[in-house]
Amino acid sequence: MSAAQEGASGLPAAPTQAFLISNLLACSMLWASGFLFIKISEGVNPFVLAAMRGLVGASALTLWFTALGKSLLPQRHEWLTWGILGTFNGWLPNILVAYALTQITTASAAMVQASGPLIVAVLSHFLYADERLTPQRLLGVLVGFMGMGILIGPAAFPDSGVSATGAFAMLAVALSYAVANLYVRSIKQADPARLALGQQFGSGLPATALALAIAGPGAFGSVPPNAAPLIALGVLSTALPILLFMRLIRRAGPTRASMVGYLMPVWTAILAVLFLGEQIGPREMIGGAVVLAGVALVSLSGRFRRVR
């Protein structure tokens with residue numbers, strides 16, 4: 001990216017609609033495939049799965065950086081950034097997703113995670129002057145949370161067939177991603193590729209330490225039989241989309257970049273029906289539709305503005 005594209009604040013100029021749409025579609029499809037690969041990797045401990053996802057992702061980005069002749073070593077100011085992104089956009093949500101998918105279906109998990117853009121919209125309202133909630137965005141937030149009530153509400157009742165812990169684990173995932181997205185927005189100058197690389201190192205190494213400490217070395221015995229889906233998870237569903245997403249969030253800002261969240265359930269549901277034999281019930285369809293309607297109101301309101 002040239003210096004001419006950088007604003008006075010160090011943030012890039014606003015992207016074109018073609019850039020926004022193409023990157024949203026690519027990111028959402030690639031990330032949605034992660035739910036499929038996690039489900040296929042049955043028997044892998046959630047901590048081990050998060051460790052392998054981070055390590056494979058970091059290895060893939062390391063090879064890419066090496067091929068380009070770029071430095072892999074973090075600079076002094078990057079240590080904190082890599083640690084924060086590795087936690088809130090890496091090992092913490094990865095562990096929670098792996099656990100949640102042992103409790104609920106992939107389609108339900110993706111629909112609950114679709115609340116992420118709503119969380120971003122609310123927090124951005126208080127943090128950034130150019131991301132204020134308009135009446136339409138406020139309506140979208142309220143509609144979105146109504147949808148969340150439809151999706152998660154039955155979990156509060158016995159014998160509902162809905163796992164409360166699985167649903168709320170995915171809510172925690174959405175909140176964690178929202179914090180990371182807003183943090184990336186606050187960074188004045190950064191190379192999106194280095195943010196992606198640092199996130200994977202900041203995710204894979206702590207996740208591995210946690211897996212060894214909590215699950216034990218023996219838990220990694222499930223890795224070889226599941227090598228193929230774990231490699232696909234680390235490369236196709238982690239390293240590649242995070243490269244695209246870091247560039248997207250730097251160019252478009254957190255609110256519009258988080259539109260990935262409401263496209264993911266569509267791809268996830270399609271993959272779950274095609275490859276996992278899952279069925280989507282009326283409650284999931286109604287709740288998911290309400291959530292997506294709310295997020296669309298939030299994300300598509302107003303004219304496309306330059307990120308400041």
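**Exercise 1. Serine 33 in the predicted model**

Serine 33 counts as buried, at 12% relative accessibility. The model from which this value is computed is a predicted one. Determine in which helix serine 33 lies and what the side chain of serine 33 reaches.

*Solution.*
1. The cut-off for buried is under 20% relative accessible area; the 12% of serine 33 therefore places this residue among the buried ones.
2. Serine 33 belongs to helix H1, which covers residues 17–40.
3. The side chain of serine 33 comes to 2.5 Å from the backbone oxygen of leucine 30.
4. When residues up to four places away in sequence are set aside, serine 33 touches Ser237 and Leu271.

**Exercise 2. Threonine 238**

Classify threonine 238 as buried or exposed, and identify the residue whose side chain is joined to that of threonine 238 by a polar contact.

*Solution.*
1. Threonine 238 is located in helix H9, whose residues are 227–252.
2. Its relative accessibility is 6%, so threonine 238 counts as buried.
3. The side chains of threonine 238 and arginine 53 are joined by a polar contact of 2.7 Å.
4. Apart from neighbours within four places in sequence, threonine 238 is in contact with Arg53, Gln200 and Leu233.

**Exercise 3. Helices H4 and H11**

Describe how the axes of helix H4 and helix H11 are arranged, and state which kinds of residue make up the contact.

*Solution.*
1. Helix H4 spans residues 106–113 and helix H11 spans residues 260–276; their axes come within 8 Å and cross at roughly 175°.
2. Because angles over 145 degrees count as roughly antiparallel, H4 is roughly antiparallel to H11.
3. On the H4 side the contact is made by Thr106, Ala107, Ala110, Met111 and Gln113. H11 contributes Met264, Pro265, Thr268, Ala269, Ala272 and Leu276.
4. The residues of this contact of H4 with H11 comprise 8 nonpolar, 3 polar and no charged.

**Exercise 4. The aromatic pairs**

State how many aromatic pairs a search of the whole structure finds, and characterise each by its geometry and burial.

*Solution.*
1. The search of the whole structure yields 2 aromatic pairs.
2. The ring centres of tryptophan 31 and phenylalanine 245 are 5.0 Å apart and the planes stand at 65°, so this pair is edge-to-face.
3. Tryptophan 31 lies in helix H1 and phenylalanine 245 in helix H9, so the pair ties together parts that are 214 residues apart in sequence.
4. Tryptophan 31 is buried, with a relative accessible area of 17%; phenylalanine 245 is buried as well, with 5%.
5. Tryptophan 64 and phenylalanine 65 also form an edge-to-face pair, with 5.6 Å centre to centre and 75° between the planes.
6. Tryptophan 64 counts as partly exposed at 36% relative accessibility, whereas phenylalanine 65 counts as buried at 0%.

**Exercise 5. Residues apart along the chain**

Give the C-alpha separation of methionine 146 and valine 290, and that of serine 59 and glutamine 200. Place methionine 146 and serine 59 in their helices.

*Solution.*
1. Methionine 146 is part of helix H6, residues 135–152.
2. With a relative accessible area of 56%, methionine 146 is exposed.
3. Methionine 146 and valine 290 are 144 residues apart along the chain, and 7.2 Å separates their C-alpha atoms.
4. Serine 59 is in helix H2, residues 46–68.
5. At 43% relative accessibility, serine 59 counts as partly exposed.
6. Serine 59 and glutamine 200 are 141 residues apart along the chain, with 8.6 Å between their C-alpha atoms.

Conventions
Residues numbered from 1 in each chain as written. Predicted model: local features only at pLDDT ≥ 70, side-chain atom pairs only at ≥ 80, totals over all residues. Heavy atoms only, no water. Helix = DSSP H or I, 4+ residues; strand = E, 2+ residues; numbered from the N terminus. Buried < 20%, exposed > 50% of the residue type's maximum accessible area, 1.4 Å probe, protein only. Polar contact = N/O pair within 3.5 Å; in protein donor to acceptor, adjacent residues only side chain to side chain. Contact = heavy atoms within 4.5 Å. Axes fitted to C-alpha atoms, helices over the stretch in contact; angles between N-to-C directions. Parallel < 35°, antiparallel > 145°, perpendicular 65-115°, else oblique. Nonpolar A, V, L, I, M, F, W, Y, C, P; charged D, E, K, R; others polar. Phe/Tyr/Trp six-rings, centres within 6.5 Å; stacked < 30°, edge-to-face > 60°.
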